[in-house]
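Open the model in a viewer and keep the selection tool to hand. The stops below go from open space to strands and then to rings.

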Amino acid sequence: MYSFVIRKQLGVIKKFKTLRIMTKKPIITALLCLLMAMPVFKASAQENCGGAIVNATALYEQGKLREAIDALVPCVTHSLDRTNLWQGYKILALSYLALNDQKDARTAAENMLEQYPQYVPSLLKDPKDFIDLVNSITVIPKFSLGLAGAGGINNTYVDVTQQYNASDFNKNYTSKIGAQFGIVGGFNISRELSVGAELNASFKNYSINYSTNDFNITDNEHLSFLEVPLYVTYTYGKGIIRPFVRLGAYGDYLLSASSDFSATYQPDKTSYSDNGVNSNNRRNSTNFGLLGGIGLNWKANPALQVFVEFRYAYGLTNIVNDANRYSDQNLIFNYFYLDDDLKISNSLFTFGALLNLNYKVIRQKWN
């Protein structure tokens, strides 16, 4: 009997202490209650909106268009669920079209595409005027990011502006194949006009051949750059495959430079070589140029674009460091070699894919 009374008294004391804590911290208690109730409120709102869409669809099919619109307005005004929103705006657009209210129908369709930019109307289920309305609205990718040049190739061309020789001869420059790969991003200003930027690893090669003092000499040059092109692109047409042209500029930062020299003495056919000669100190670390390109863009699906491009990059700056032209005595005495002043240009074939990150609906302006 006594133990029961004691347990009861202890229970009363515990409840009293809990009550005192709650009264001391009413704000914390209220916040906790609100956080616990939020999922319930959200689920209830989504359920109510889903029911409103079902009800509005039935009213639309019965020809009760105003009633359908009135049923949907609270849903699209307060719902946070994107699925409910685009479905609600679709019924609104259909209802306004049936009322021949073109302005409100277009606004509802634009709102629908903002929630579901990849939406494609059904040729079998949707009315023709609704299909025409949706297809008349321009939805463009806003930001895009992708991988470019996985397997892209380039060809390097040399423009000699001043020759320097350790003996009396002329050098012959030959273009060689290289490669590039990297990432590309873009921002679409309109359906046709966009700006883009890339970050590429670019590998450029060329060879030099010359003969002097009964020696035949070959030098294979290997240059690696971190390249940043910036450009403006204009894309034509409205189909799945669209051609484009682009113009811009680029900057190169030298990552590494090396030379492979070999010499053959013609009278007795003896030869010697130096491979992997470090040329970093004989090259400028930064170079700049202009670029132009043409290509095709294929819309594989609403979120993915695949492209191919042929581009020409025209070098504007001398890649040779004048101050270190005479720094490698081995090249001068064994290969009679000095660097010419030269610019390098490239023709590039690039292919890649772009993933659209978000979209912009081009809204019609009304007077």
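A pocket here is an open set of grid points, on a 1 Å grid over the protein atoms alone, with protein on both sides within 12 Å along at least five of seven lines. Note before starting that the model is predicted.

**Stop 1: the largest pocket**

By that definition, the largest pocket has a volume of about 1,100 Å³. Select Val139, Pro141, Arg191, Arg242 and Lys299, which are the closest to its centre of the 48 residues that line it. Colour the lining by class: 24 residues are nonpolar, 17 are polar and seven are charged.

**Stop 2: strand β9 and its neighbours**

Select residues 304-315, which make up strand β9. Which of its side chains are buried? Those of Gln305, Phe307, Glu309, Arg311, Ala313 and Gly315 point to one face and are buried. The alternate positions, Leu304, Val306, Val308, Phe310, Tyr312 and Tyr314, point to the other face and are not buried.

Now add strand β8, residues 286-301, which pairs with β9 in the antiparallel sense over 12 bridges. A hairpin through two residues joins β8 to β9. Then add strand β10, residues 341-356; β10 and β9 are also antiparallel, with 10 bridges.

Centre the view on Glu309, one of the buried residues of β9. Glu309 is the bridge partner of Gly295, and Glu309 also stands opposite Thr350 in β10.

**Stop 3: aromatic pairs**

How many aromatic pairs does the model hold? The count comes to 18, taking rings as paired when their centres lie within 6.5 Å. For one of them, select Trp86 and Tyr119: the pair is tilted, at 5.5 Å centre to centre with 45° between the planes. This pair links distant parts of the chain, 33 residues apart, with Trp86 in helix α4 (residues 82-98) and Tyr119 in the loop between α5 (102-115) and α6 (128-135). Are Trp86 and Tyr119 buried or exposed? Both are buried.

Next, select Phe169, Tyr210, Phe215, Phe261, Tyr265, Tyr272, Tyr335, Phe336 and Tyr337 together; these residues form one aromatic cluster.

**Stop 4: charges over rings**

Select Arg325 and Tyr164: Arg325 lies over the face of Tyr164, at 3.7 Å from the ring centre. Finish with Lys204 and Phe225, where Lys204 lies over the ring face at 4.9 Å from the centre.

Methods. Residues are numbered from 1 along each chain as its sequence is written. This is a predicted model: local features need pLDDT of at least 70, side-chain atom pairs count only at pLDDT 80 or more; totals for chains, interfaces and linings use all residues. Side-chain values use heavy atoms; hydrogens and water are left out. Buried means under 20% relative accessible area, exposed over 50%, partly exposed in between (1.4 Å probe, protein chains only). Helices (H or I, at least four residues) and strands (E, at least two) are DSSP runs, numbered from the N terminus. Two strands pair if DSSP finds at least two bridges between them. Rings of Phe, Tyr and Trp (its six-membered ring) pair if their centres lie within 6.5 Å; planes under 30 degrees apart count as stacked, over 60 as edge-to-face and the rest as tilted. A charge sits over a ring if NZ of Lys or CZ of Arg is within 6 Å of the ring centre and within 35 degrees of the ring normal. On a 1 Å grid over the protein atoms alone, a cavity is a set of points where a 1.4 Å probe fits but cannot get out, and a pocket is an open set with protein on both sides within 12 Å along at least five of seven lines; lining residues have an atom within 4 Å of a point. Grid points are joined across faces, edges and corners, and a volume is the space filled by probe spheres set on the points. Ala, Val, Leu, Ile, Met, Phe, Trp, Tyr, Cys and Pro count as nonpolar, Asp, Glu, Lys and Arg as charged, and the others, Gly among them, as polar.
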